[in-house]
Amino acid sequence: MSSSSSSSSVTLKSLTATLGFPFGVAVGGPGDGDNIFAPANAAMQSVVSSQFDLVVAGNIMKMSYLEPTQNGFTFTDADNLVTWAQTNHLLVHGHTLIWHSAYQVPTFMSNAPDGPTLQSMLDNHIQTIVSHFATNFPGEVVSWDVVNEAFNDDGSYRNADPNGSIFYQKLGSAYIENAFKTARAADSNAKLYYNDYNIEWSTTKLNAVLAMVDDFKNRNIPIDGVGFQMHVSLTFPDINTIKNSLAAVAAKGLMVRISELDVAVDQNGSIANETTLDSTTAALQKQRYHDIVKAYLDAVPLAQRGGITVWGLVDGYSWLTGFEGHPEWPLLFNNDLTTKPAFDGVVQALQGL
Ligand code: XIL
């Protein structure tokens with residue numbers, strides 16, 4: 001990678017056209033600090049539409065946003081986002097139809113009296129949501145995270161509390177295959193993904209996902225790909241481990257997405273008192289972004305690239321600040337919407353440099 005090349009006038013979307021995949025970004029909606037429809041954030045809209053190929057809702061297409069009460073679907077915010085994306089020639093990836101995370105499981109589902117009732121609630125949730133977008137915005141929502149984070153890092157199914165899955169507790173692993181079948185029946189065109197974190201380094205967890213995929217294929221359960229959330233740090237995991245993990249999924253003939261990419265510079269809080277990203281760290285982050293994008297291009301054949309999405313536009317609104325409990329600078333853009341060295345690292349990797 002040349003450190004002297006300047007990429008400031010190049011856009012990500014101008015580079016992905018020949019590389020066979022969309023470069024996406026998670027954006028906020030009503031209720032989020034980075035709501036792109038808030039007047040104060042209006043400038044974000046032009047950066048997103050000029051730089052990226054695809055958007056993901058950071059929150060507003062999750063379970064409790066779209067169906068807060070049983071059959072009380074609330075599509076207005078998501079429809080506004082998808083309409084905006086369509087108008088601005090951006091694709092949409094849907095995130096996420098099923099997620100155990102307590103703040104996202106609607107109360108009526110947590111309170112379901114028994115397994116069959118919960119299963120019918122999930123069927124209805126998925127069928128209604130996927131067909132809503134397929135019918136109202138044909139071809140626009142190109143892919144879905146059907147199930148998010150169903151496994152523990154040790155490869156077992158997420159089950160017991162805390163951080164357990166009410167779905168597994170009541171239904172066993174059957175809820176996963178049922179979700180894929182229902183999603184496919186509702187939209188035969190959208191690509192269907194299983195999405196998780198730490199699978200870029202935990203071979204135990206990745207192998208559990210791959211065993212599930214093999215089982216699905218043997219039994220004709222529809223699944224198109226695997227999403228690697230890829231919440232990584234500057235140094236961990238090492239790049240060969242990341243590349244090998246991506247290649248292991250590609251070797252199954254599946255689509256591969258990097259679905260929530262961010263590069264934390266201060267996971268352990270040792271520079272928590274800093275107020276800006278220093279240039280040395282920014283340069284390391286540039287190299288790290290470069291290496292991850294290059295690993296994706298090297299490990300995933302063109303026809304199997306579902307794309308790369310960064311989990312947020314500007315550092316100041318990254319979820320990691322809340323997750324880690326101190327400031328973070330994990331993304332490609334500064335708060336004033338100027339590009340960071342990390343952006344140049346991505347550009348250079350996309351340029352084959
Ligand atoms: C995060 C959002 O970015 C935050 O705004 C929200 O408070 C919590 O969820 N893995 C996922 C994403 O699949 O949905 C999470 O998004 C980040 C971790």
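Thr96 has its place in strand β3, which spans residues 91–99. The model is a predicted one, and this strand is a convenient point of entry. The peptide bond that leads from His95 into Thr96 is cis, with omega near 0°. Most peptide bonds are trans, and most residues other than glycine have a negative phi. Ahead of the strand, in the loop between α4 and β3, lies His89. His89 has a phi near 60°, a positive value in a residue other than glycine. Its relative accessibility is 69%, so His89 counts as exposed.

From β3 the path leads to the core. The largest nonpolar core has 110 residues, and within it Phe133 and Trp144 touch the most other members. Neighbours within four places in sequence aside, the contacts of Trp144 include His93, Gly94, His95 and Leu97. Trp144 is also in contact with Ile129, Val130 and Phe133. Met61 is another contact of Trp144, and the list is completed by Ala190, Lys191, Leu192 and Tyr193.

Val130 also takes part in a helix pair. Two packed helices are described by the angle between their axes and the distance between the axes. For helix α6 (residues 115–136) and helix α8 (residues 174–186), the angle is about 30° and the axes are 8 Å apart. At that angle α6 is therefore roughly parallel to α8, the limit for this term being under 35 degrees. The crossing of α6 past α8 is right-handed. On the α6 side the contact is made by Gln119, Leu122, Asp123, Ile126, Gln127, Val130, Ser131 and Ala134. On the α8 side, Tyr175, Asn178, Ala179, Thr182, Ala183 and Ala186 take part. By class, the residues of this α6 and α8 contact are eight nonpolar, five polar and one charged. An α-helix has 3.6 residues a turn, so residues three or four places apart point the same way.

A second helix pair is formed by α10 (residues 239–250) and α11 (residues 279–299), whose axes come within 9 Å and cross at roughly 30°. These two helices are therefore also described as roughly parallel to each other. The crossing of α10 past α11 is right-handed. From α10, the contact draws on Ile239, Ile242, Lys243, Leu246, Ala247 and Ala250. From α11, it draws on Arg288, Asp291, Ile292, Ala295, Tyr296, Asp298 and Ala299. Of the residues in the contact of α10 with α11, nine are nonpolar and four are charged, with no polar ones.

The loop between β7 (231–233) and α10 holds Phe236. Pro237 is found in this loop between β7 and α10 too. The peptide bond from Phe236 to Pro237 is cis, with omega near -5°. Phe236 counts as partly exposed because its relative accessibility is 46%. Apart from neighbours within four places in sequence, Phe236 is in contact with Trp201 and Arg288. Arg288 is one of the α11 residues in the contact with α10. Between Phe236 and Pro330, 94 residues apart along the chain, the C-alpha separation is 14 Å.

Helix α11 is also among the elements that cover the buried residues of α13, together with α1, β1 and α2. In α13, nine of the ten residues are buried, so this helix is largely enclosed by the rest of the structure. The buried residues of α13 are Ala342, Phe343, Asp344, Gly345, Val346, Val347, Gln348, Ala349 and Leu350. Just after α13, Gly352 takes a positive phi of about 80°. Leu337, in the loop between α12 (319–324) and α13, has a phi near 75°, a positive value in a residue other than glycine.

Helix α2 (residues 42–51) has its own buried residues, namely Met44, Val47, Val48, Ser49 and Gln51. They pack against α1 (12–16), β1 (23–27), β2 (54–57), α4 (76–87) and α13 (341–350).

One further loop lies between β4 (141–148) and α7 (166–171), and Asp154 is found there. Asp154 counts as exposed because its relative accessibility is 53%. Asp154 and Asn335 are 181 residues apart in sequence, and their C-alpha atoms are 37 Å apart in space.

Note on methods:
Residues numbered from 1 in each chain as written. Predicted model: local features only at pLDDT ≥ 70, side-chain atom pairs only at ≥ 80, totals over all residues. Heavy atoms only, no water. Axes fitted to C-alpha atoms, helices over the stretch in contact; angles between N-to-C directions. Helix = DSSP H or I, 4+ residues; strand = E, 2+ residues; numbered from the N terminus. Parallel < 35°, antiparallel > 145°, perpendicular 65-115°, else oblique. Left-handed = near helix turned anticlockwise from the far one by under 90°. Contact = heavy atoms within 4.5 Å. Nonpolar A, V, L, I, M, F, W, Y, C, P; charged D, E, K, R; others polar. Core = buried A, V, L, I, M, F, W, Y, C linked by side-chain atoms within 4.5 Å. Buried < 20%, exposed > 50% of the residue type's maximum accessible area, 1.4 Å probe, protein only.
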